[in-house]
Amino acid sequence: MMEVHCYSCHHPTASEENRLAPPMIAIKMRYTNSSTTKKEFIDDMQNWIKNPVESNVKMYGAVKRFGIMGNLPYPESVIEQIADYMFDNDIEQPEWFEEHYNQNKGGMRLN
């Protein structure tokens with residue numbers, strides 16, 4: 001489901017220069033920490049995807065670079081299944097991501 005619904009913009013093999021949006025691993029890392037529950041993560045994904053407005057932004061650098069994500073009419077069940085998978089599994093990351101994260105991690109986890 002993630003490949004069908006998310007990878008057109010969030011594909012893990014897109015180069016850093018040619019991205020349309022942050023990779024899914026960056027989203028997972030930004031929306032989770034050691035105390036995040038699966039329910040909180042799913043609720044946050046639902047909230048952002050159903051209402052992608054400035055007041056809901058958690059990834060300020062991504063919004064600055066790519067703009068606010070368009071409104072996607074995905075059913076809640078689809079968002080829940082994708083978020084559930086993301087929470088429980090390792091997410092493929094681009095080759096360049098670890099270096100990018102280490103260079104910018106000071107700005108990636110601002111709550």
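## Reading the core, a buried arginine and two cysteines

Tutor: In this predicted model, the largest nonpolar core holds 26 residues, and those that touch the most other members are M2, M24, I27, Y31, M45, M86 and F97.

Student: Which helices each supply at least two residues of this core, and which gives the most?

Tutor: The general idea is that in soluble globular proteins nonpolar side chains tend to be buried together. Here the helices that each supply at least two core residues are α3 (24–31), α4 (38–50), α6 (76–88) and α7 (97–108), and α3 gives the most, with six residues.

Student: How should I read a charged residue such as R19, and where is its place in the chain?

Tutor: Begin with its position, which is in the loop between α2 (7–10) and α3, and then look for a partner of opposite charge. R19 is buried yet has no salt bridge, since the nearest side chain of opposite charge, that of E16, is 8.2 Å away.

Student: What does the side chain of R19 reach, then, and which residues is R19 in contact with beyond its neighbours within four places in sequence?

Tutor: The side chain of R19 reaches the backbone oxygen of H11 at 2.8 Å. With those sequence neighbours left aside, R19 is in contact with C9, H10, H11, A14, R65, F66, P94 and W96.

Student: A21 lies in the loop between α2 and α3 as well; is A21 buried or exposed?

Tutor: A21 counts as buried, because its relative accessibility is 8%, and the cut-off for buried is under 20%. Not counting residues up to four places away in sequence, A21 touches C9, H10 and F66. As for H11, the C-alpha atoms of A21 and H11 are separated by 8.4 Å, although the two residues are ten apart along the chain.

Student: How many disulfides does a search of the whole structure find?

Tutor: A disulfide is a covalent bond between the sulfur atoms of two cysteines. The search of the whole structure finds zero of them, and C6, for example, is in no disulfide, with the nearest cysteine sulfur, that of C9, 9.1 Å away.

Student: Why is C9 not bonded to C6?

Tutor: The sulfur of C9 is too far for a bond, because the closest cysteine sulfur, in C6, is 9.1 Å from it, whereas a disulfide needs the two sulfur atoms within 2.5 Å. As to their surroundings, C6 is buried, with a relative accessible area of 11%, while C9 is partly exposed, at 36%.

Conventions:
Residues numbered from 1 in each chain as written. Predicted model: local features only at pLDDT ≥ 70, side-chain atom pairs only at ≥ 80, totals over all residues. Heavy atoms only, no water. Core = buried A, V, L, I, M, F, W, Y, C linked by side-chain atoms within 4.5 Å. Buried < 20%, exposed > 50% of the residue type's maximum accessible area, 1.4 Å probe, protein only. Helix = DSSP H or I, 4+ residues; strand = E, 2+ residues; numbered from the N terminus. Lys, Arg positive; Asp, Glu negative; His and termini not counted. Salt bridge = Lys/Arg side-chain N within 4 Å of Asp/Glu carboxyl O. Polar contact = N/O pair within 3.5 Å; in protein donor to acceptor, adjacent residues only side chain to side chain. Contact = heavy atoms within 4.5 Å.
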